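Q: I have a model open in front of me and would like to learn how to read it. Can we go through it feature by feature?

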Amino acid sequence: MNLINLLSSKKSAILKRWFDEIVSTYPDATSSFLKTQDDPFANPVGQTILHGIDGLFDELLKDTDSNEMPSFLDNIIRIRAVQGFTPSQSTAFTIFLKKVIREELKDEIKEDQLYNDLAALEARIDKMALLSFDIYMKCRETLYEIKANEVKNMTFNLLRRANMLSEVQEE
């Protein structure tokens, strides 16, 4: 059996463990809520993560580079970028998948000598991790631009209210 078929057959178990690893990065009360609340309106963060990792997993199983992977990553990382996680904490969820796969398929990998296939898959996961960091940085840049614009607008409005602005005449 090859690794892709093996991963496909164990998809639900791998996704559950991967989701559990991700939500374990949250405080206990939040983690418990994310795991137990299935309503997408009551738990949009949990549902976004679940949908995202499901899509990422499917994209990793394809032999070609995916155009869809950035959108799945973006949905998860946007959430983590505004939640106060450090860059490494925000993007580490991609690396968690390596651990989950190794633990879940330990016996099969050893029995079927799938080490080369595993190395190739882990290289793709590493690329996914690097891509996630790029996405994280774009999200943070956008947040900083929004904050800078808010401060600039606040300052302008305060100066205008205090009549401390002078009109510049166009020549």
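**Reading a helical model**

A: We can start from one residue: Ser-132 sits in helix α9. Bear in mind throughout that this is a predicted model.

Q: Is Ser-132 buried or exposed?
A: The general idea is to look at relative accessibility, where under 20% counts as buried. Ser-132 has 0% relative accessibility and is therefore buried.

Q: Which residues does Ser-132 touch, not counting residues up to four places away in sequence?
A: For a question like this, the close neighbours in sequence are set aside. What remains for Ser-132 is Leu-73, Ile-77, Thr-91 and Thr-94.

Q: How do I read a second residue of helix α9, such as Cys-139?
A: Take the same steps. Cys-139 counts as buried because its relative accessibility is 10%, and the cut-off for buried is under 20%. Beyond its neighbours within four places in sequence, Cys-139 is in contact with Asp-74, Arg-78 and Ala-81.

Q: How far apart in space are Cys-139 and Leu-114?
A: Separation in sequence and distance in space are two separate readings. Cys-139 and Leu-114 are 25 residues apart in sequence, and their C-alpha atoms are 37 Å apart.

Q: What do the corresponding readings give for Leu-50 and Lys-10?
A: Here 40 residues along the chain go with a C-alpha separation of 16 Å. Leu-50 belongs to helix α4, which covers residues 44–61. With 33% relative accessibility, Leu-50 is partly exposed.

Q: Where is Asn-75, and how far is it from Leu-61?
A: Asn-75 is in helix α5, residues 69–81. Its C-alpha atom is 20 Å from that of Leu-61, 14 residues away along the chain. Asn-75 has 39% relative accessibility, so it counts as partly exposed.

Q: How should I read a side-chain pair, for example Glu-104 and Arg-17?
A: Look up the kind of contact and its distance, then the surroundings. The side chains of Glu-104 and Arg-17 make a polar contact of 3.0 Å. Glu-104 itself lies in helix α7, residues 93–104. Apart from neighbours within four places in sequence, Glu-104 also contacts Lys-10, Ala-13 and Ile-14, besides Arg-17.

Q: What should I look for in the backbone angles?
A: Most residues other than glycine have a negative phi. Gln-113 has a positive phi, near 55°. Gln-113 is in the loop between α8 (106–112) and α9 (115–161). Its relative accessible area is 55%, so Gln-113 is exposed.

Q: How many helices and strands does the chain have?
A: Counting elements gives the fold in outline. This chain has nine helices and zero strands, so the order from the N terminus reads α-α-α-α-α-α-α-α-α.

Q: How do I read the overall dimensions?
A: Compare the radius of gyration with that of a globule. A compact globule of 171 residues would be near 16 Å, but this chain has 22 Å. The C-alpha trace spans about 80 × 40 × 25 Å along its principal axes.

Q: What share of the residues is buried, and what does the chain expose?
A: Of the 171 residues, 34% count as buried. The exposed area is about 10,900 Å², with 53% supplied by carbon and sulfur atoms.

Q: How many positive and negative side chains are there?
A: Read the counts, then where each set is centred. There are 21 positive and 28 negative side chains, and the centres of the two sets are 4 Å apart.

Q: What share of the contacts joins residues 24 or more positions apart?
A: Among contacts with a separation of 6 or more, such pairs account for 70%.

Terms used: Residues are numbered from 1 along each chain as its sequence is written. Side-chain values use heavy atoms; hydrogens and water are left out. Helices (H or I, at least four residues) and strands (E, at least two) are DSSP runs, numbered from the N terminus. The radius of gyration is taken over C-alpha atoms; the globule rule is 2.2 Å times the number of residues to the power 0.38. Buried means under 20% relative accessible area, exposed over 50%, partly exposed in between (1.4 Å probe, protein chains only). Contact means heavy atoms within 4.5 Å. Accessible areas come from the Shrake-Rupley method with a 1.4 Å probe; for residues, only the protein chains shown count as cover. Lys and Arg count as positive and Asp and Glu as negative; His and the chain ends are not counted. The place of a charge is taken as NZ of Lys, CZ of Arg, CG of Asp or CD of Glu. A polar contact is a pair of N or O atoms within 3.5 Å; within protein, one must be able to donate a hydrogen and the other to accept it, and residues adjacent in sequence count only if both atoms are side-chain atoms.
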